[in-house]
Amino acid sequence: MRDGDDLTDEQHSQHVAIKSSRDLLDELKDATQQFLVAHEKEKDLKLPSSEDKQSLKICSVAFEIFQHGLHMKFKLFGSHEITSEVVFRSLWAALTATFPESTKEVASIPLLKTPKFFCRVWFRRNVGKLNELLSSISTPSTKQHKSISKYYNSDAFLRDAEIMMVATGYCAALNAFSINLSIEDLILAEAREEVQEKTRTRKSSFSNQRHVQVDMKDVQDPQDTTLGKDWSKVAVATDNITTIRLTNSPKLKKKKKKK
């Protein structure tokens, strides 16, 4: 999910899992300082470009911060595996509970369908409000603070009062800027992934089917019964067959009872 990062979603989830709150705090400090240095000469303080690397870097760090210590609520029953899908679904659930108004706006955007891209768009739209978001979370009397305690472990970045106080200070300077990052590339990226997923599904479905034309010589002889030939227990000498079409297969005929 990291804008401008070559890591896959799975690799990124594993990468973030081993980071500490202090590591993330240092990354936030570096990202905000690089942003301020790059834009210290901006006159109108408006940054409409979707290619602003410093802004996208802050988005990346923000995602890692909000992922740190997150309860993974959508793992498959009995499974210990944490996939990127689990991360995105769990994160979006936490965001919607904590910031219902801003997440509702994102969810209503046409063509956005999955938690992965809901999250990515949300961080782009709120990167300039990061100071405000962190402040609301760190204040004990707010709804945001109570919500975070339900979705994050006690040692999470967002639940560490000392860490959060410093992080809020790093982001304070962002309030002076109007950051308006484009989301069109994300909408196109989701549409592209949807097409790729449908293609993979069709190929997988096709590869799992083997239609085999079985000749009579591959079939064991049926057993004789009082009702005639019994074809119910024939064995075919071919492995992994999904559909079997028997050629010239005789039908089981019942013998007529003599009066």
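This report describes the core, the aromatic pairs, the salt bridges and selected local features of a predicted model.

**Nonpolar core and helix α7**

The largest nonpolar core comprises 54 residues, and the members that touch the most others are F66, L91, L95, L130, Y152, F157 and L158. At least two residues of this core come from each of α2, α3, α4 (84-98), α6, α7, α8, α9 and α10 (184-207). Helix α3 provides the largest share, with 8 residues.

One of the highly connected core members, L130, also belongs to helix α7, which spans residues 130-138. The buried residues of this helix are L130, N131, L133, L134, S136 and I137. Their cover includes α2 (21-38), α3 (53-67), α6 (115-126), α8 (143-151) and α9 (161-171). When neighbours within four places in sequence are set aside, L130 is in contact with L28, I58, A62, F66, C171 and L174. F66 is thus a contact of L130, and F66 is itself listed with L130 among the core residues that touch the most other members.

S136, another of the buried residues of α7, takes part in a polar contact through its backbone oxygen, which lies 2.5 Å from a polar atom of the T142 side chain. T142 is located in the loop between α7 and α8. With a relative accessible area of 18%, T142 is buried, because the limit for that class is under 20%.

**Aromatic pairs**

The structure holds 8 aromatic pairs. In one of them, the ring centres of F63 and F88 are 6.1 Å apart and the ring planes meet at 25°, so the pair is stacked. This pair links distant parts of the chain, since F63 belongs to helix α3 and F88 to helix α4, 25 residues apart. Both F63 and F88 are buried. The two residues also belong to one aromatic cluster, formed by F63, F66, F88, F99, W122 and F123. F66 therefore appears in this cluster, in the set of core residues with the most contacts to other members, and in the surroundings of L130.

**Salt bridges**

A search of the whole structure finds 6 salt bridges. Three of them are set out below.

| Salt bridge | Closest N to O distance |
|---|---|
| K19 and E27 | 2.5 Å |
| K19 and E64 | 2.9 Å |
| K116 and E193 | 2.8 Å |

K19, E27 and E64 are linked in a network of salt bridges. Within this network, E64 lies in helix α3 and K19 in the loop between α1 (9-17) and α2, so their bridge ties together parts that are 45 residues apart in sequence. K19 counts as buried at 12% relative accessibility, and E64 counts as buried at 0%.

The bridge between K116 and E193 also joins distant parts of the chain, with K116 in helix α6 and E193 in helix α10, 77 residues apart. The partners fall into separate accessibility classes: K116 counts as buried at 12% relative accessibility, whereas E193 is partly exposed, with a relative accessible area of 33%.

**Further local features**

D26 is placed in helix α2. With a relative accessible area of 46%, D26 is partly exposed. The C-alpha atoms of D26 and V61 are 10.0 Å apart in space, while the two residues are 35 residues apart in sequence.

L111 is found in the loop between α5 (100-107) and α6. At 61% relative accessibility, L111 counts as exposed, because the class begins at over 50%. Its backbone has a phi near 80°, a positive value in a residue other than glycine. Most residues other than glycine have a negative phi.

Note on methods: Residues are numbered from 1 along each chain as its sequence is written. This is a predicted model: local features need pLDDT of at least 70, side-chain atom pairs count only at pLDDT 80 or more; totals for chains, interfaces and linings use all residues. Side-chain values use heavy atoms; hydrogens and water are left out. Buried means under 20% relative accessible area, exposed over 50%, partly exposed in between (1.4 Å probe, protein chains only). Helices (H or I, at least four residues) and strands (E, at least two) are DSSP runs, numbered from the N terminus. Contact means heavy atoms within 4.5 Å. A nonpolar core is a set of buried Ala, Val, Leu, Ile, Met, Phe, Trp, Tyr and Cys residues joined through side-chain atoms within 4.5 Å. Rings of Phe, Tyr and Trp (its six-membered ring) pair if their centres lie within 6.5 Å; planes under 30 degrees apart count as stacked, over 60 as edge-to-face and the rest as tilted. A salt bridge is a side-chain nitrogen of Lys or Arg within 4 Å of a carboxyl oxygen of Asp or Glu. A polar contact is a pair of N or O atoms within 3.5 Å; within protein, one must be able to donate a hydrogen and the other to accept it, and residues adjacent in sequence count only if both atoms are side-chain atoms.
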